[in-house]
Amino acid sequence: MSAADRSAKSSASWLDLARVQLARSVDGASLATFRICFGLVMVWHMLKYFQVNGGITEIERVFASPSLHFTYPWFHWVQPWPQPWLTVHFAVVSVAALLVALGLFYRTACVTLFLGYTYIFLLEAALYNNHYYLISLLSFVLIFMPATRCWSLDNLLRRKFSKQPSPPTAQPGAIPFWPIFLLRFQLFLVYFYGGIAKLNGDWLTGEPLYAPGNMLYDFFDSSIGLPESLKPIHLCLFLAWGGLFYDLSIGFLLLWGRTRWLALAATALFHLHNHFIFPIGIFPAMALSSTLIFFAPDWPRQLWSWVCRPHWNFTAHASTEAARPANSAPRLTMGVTIALAAFVLWQATWPLRHFVIEGDANWTEEGQDFAWRMMLRAKAAGHLTCRVVDPAIHTVNAKGRPVIQWEACPDGTPKAIHIAIDSHQFNWSHHPGLTITHEPIVGHRLIYNPSNIHTDRQEAIDAGRFKIQEQWNKTFNRSPKIEPTISLAEAVRMIRERFQQRADQLKLSAEARDEFLRQLTAMEQEDESHQQPAAGSEPRRVQLVNSLQRLYQSPLADIVRPVIRRIEPFVLQGAPTSSQPLLVIVDPALSASSDAEADLLELSAGEPYIVWTDFSRMRPDDYRRLPQHFVTFDDRQLHMVWNHFREIEPYQLEKAAVRPWMIHQYAQKVGQRWQAETGRRGEVHVESYVMMNYTVPQMLLDPEVDLTAVPLRNFSHNRWILPRNHRRLGIANQPAPTNLRR
């Protein structure tokens, strides 16, 4: 016999052995338990979407309300049903999950669960999570598995109403081994490939886990106390290396009978920790219950026998596999064998595609999804700007200066230029007269700065009021309300005094009054801490502004709003108070007018009016008060900015701003919108500053590239993604925050 013949015979023998092993009869109790647990976890998962928050369900907030959705490549055609059919869809999927758990109408329920949930999964790519992908895979393979042989209503009804008795040789609850193998393989792959993905320089430093490490440090230090020599980064290193060893080893420990109980305990501890540290929803419950598939197929019967036997006398349950001669053992059909091999090959190779794509997948996101690359990076965008370049509106005047052809702008573009400033460096002495600002909470404000020729403050205020009144009478034939600006501390005191004066007139419960006063006290404390020049003052400033906004939108808005609108310009963005006697102009007719744009142009004699704006210290809510597209002056250039905050929800922006392929998809949509509104093709350029794993923030994309003109390559590197730098901020060397020390 030749070597080739021997090799072919050996391969055939190996294939026959595999087919025999996969077809051998085992107890179906373990698979039935998996089906029940998976179905119940899915019911829990789906019911979360029906929770009401702020008067609307998660279905409405996440899927029905957004004006646009990010979609996966090749699945742009998947769009939400109109309401109420979208809610009906979620209800149908919930019922299907319950039927899977009960084992009733199992095959139909499984198909419905797979198609219905995968549709939900494909609706919004910004919500991508590895365990959502795993749910789709598990619900798919369950369609073909005999998971109702044990503990199912289908089986109960079949035995009750079937007129054909079971064959005497049939073993109750027996199934072939291949479903157990396939589920074990899939779960093994999730963990093992998750461990391989952690074998990178960033992860091994522990710095990607600095936020959860700090959380644990705070918990342990406040509860048991920690030595001075222990720093947060030490806990980060423990989490990083512990997670690496867990992911790489847990599959093997679960497969080996002697270490299986140890592996189960480690899995319980691992997922319990993740449940409290990371926002990963149902995954800990699903992963822990799925781990039981690694135990013997008859483990539920053994457990029940052990519980029910007197004196806890445990004996193993007899195997359901009947003794057969080797040559008469059943073999898996060739069709099922090929299907299994194809699924295994796909799952074993597809997650590794990032190895053949140039660049760091954590940075480029190329090959990052559908690859079990879990919790690998701390990635955040500090700045994202989308600009449209259209030669029809960007021109140069006779003096060689850039100008905007306003008549060529799309409808809704205000004839205004937002000049980007650093509010902390803004000098009011250089800006006498009328000024328009855009600020947090209040949006546009009209500020008047009297001339510096007045040495007396009250004299300057009186002269300013006279000039404003004169200009308003001449332009609009009406009188505005004119008040001097106040400090933030003065604003809080005024709000408290007005509230106490009207407390008896307000129809508020005692709880509502206490809550309002509590918010004022908290705001005073935040203001005091904000005045202290220290690291971390920016988050405190945001907290302060958020507190003010809650008051601004509270039922007591009629008390709060007039006061907040008098706060000195840019103070809410951390700027120091001005020594100038500034005046705030409040014109209710101007604010309520649908033609406020025309009134502002009248004040500027028909020329584009200037709005001074500190974009670097604006929150998303502040951007949403701006129009969909507006003009800015920055870096000595005029830019047409497309305001993505008006159509991208916060939960979408958090993911989309750091994923190049999502930015590319959005830029394509902006280009299409621009052409639809103007009839002209516009270039779309995006600037996105991103920090990953506490390295120096940098540009993610080449801002010179027109993203509407370059394709998105899904299986090779996109050159418009800039290379990543590896210059670290040195967060590992930071001492523990003093507020964490006991």
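Two strands count as paired if DSSP finds at least two bridges between them, and strands (E, at least two residues) and helices (H or I, at least four) are DSSP runs numbered from the N terminus. On that footing, Tyr689 stands opposite Met699 in strand 17. The structure is a predicted model, in which local features need pLDDT of at least 70 and side-chain atom pairs count only at pLDDT 80 or more, while totals for chains, interfaces and linings use all residues. Residues are numbered from 1 along each chain as its sequence is written, and side-chain values use heavy atoms, with hydrogens and water left out.

**The sheet**

- An open sheet of 11 strands, with mixed pairing, follows the order 11-12-10-9-13-8-14-15-5-16-17.
- Strand 11 (481-484) and strand 17 (698-699) are at the edges and have a single partner strand each, so one side of each is left without a neighbour in the sheet.
- For strand 17, the pairing is with strand 16 (residues 683-692), in the antiparallel sense and over two bridges.

**Strand 13 and His431**

- Four of the five residues of strand 13 (residues 609-613) are buried, where buried means under 20% relative accessible area, exposed means over 50%, and partly exposed lies in between (1.4 Å probe, protein chains only).
- Strand 13 runs parallel to strand 8, to which five bridges join it, and Ile419 stands opposite Trp612 of strand 13.
- Strand 13 also runs parallel to strand 9, here with three bridges, and Thr613 in strand 13 is the bridge partner of His438.
- His431 is found in the loop between strand 8 (416-420) and strand 9 (433-439), and it counts as buried because its relative accessibility is 17%.
- When neighbours within four places in sequence are set aside, His431 is in contact (heavy atoms within 4.5 Å) with Phe426, Asn449 and Trp612.

**Nonpolar cores**

- A nonpolar core is a set of buried Ala, Val, Leu, Ile, Met, Phe, Trp, Tyr and Cys residues joined through side-chain atoms within 4.5 Å; the largest one has 145 residues, and Phe38, Phe70 and Phe121 have the most contacts inside it.
- Apart from this largest core lies another, of 23 residues, which include Val492, Met494, Ile495 and Phe516.
- Beyond its neighbours within four places in sequence, Phe121 is in contact with Tyr72, Tyr128, Asn129, Tyr132, Tyr133, Ser136 and Phe370.

**Cavities**

- A cavity is a set of points, on a 1 Å grid over the protein atoms alone, where a 1.4 Å probe fits but cannot get out, and its lining residues have an atom within 4 Å of a point.
- Grid points are joined across faces, edges and corners, and a volume is the space filled by probe spheres set on the points; the structure holds four cavities of 30 Å³ or more.
- The largest cavity has about 90 Å³ of space and is lined by 13 residues, with Leu384, Ile648, Met662, Ile663 and Tyr666 nearest its centre.
- Strand 5 (379-389), helix 25 (650-656) and helix 26 (660-678) each supply at least two residues of that lining, and helix 26 gives the most, with four.
- The lining of the largest cavity has 12 nonpolar residues, one polar and no charged, where Ala, Val, Leu, Ile, Met, Phe, Trp, Tyr, Cys and Pro count as nonpolar, Asp, Glu, Lys and Arg as charged, and the others, Gly among them, as polar.
- The second largest cavity has about 70 Å³ of space, and the residues that line it include Tyr72, Phe121, Glu124, Asn129 and Tyr132.
- Helix 5 (residues 106-123) provides the largest share of this second lining, three residues, and by class the lining has nine nonpolar, one polar and one charged residues.

Methods. 1 Å grid on protein atoms, 1.4 Å probe; cavity = no way out; pocket = protein on both sides within 12 Å on 5 of 7 lines; lining within 4 Å.
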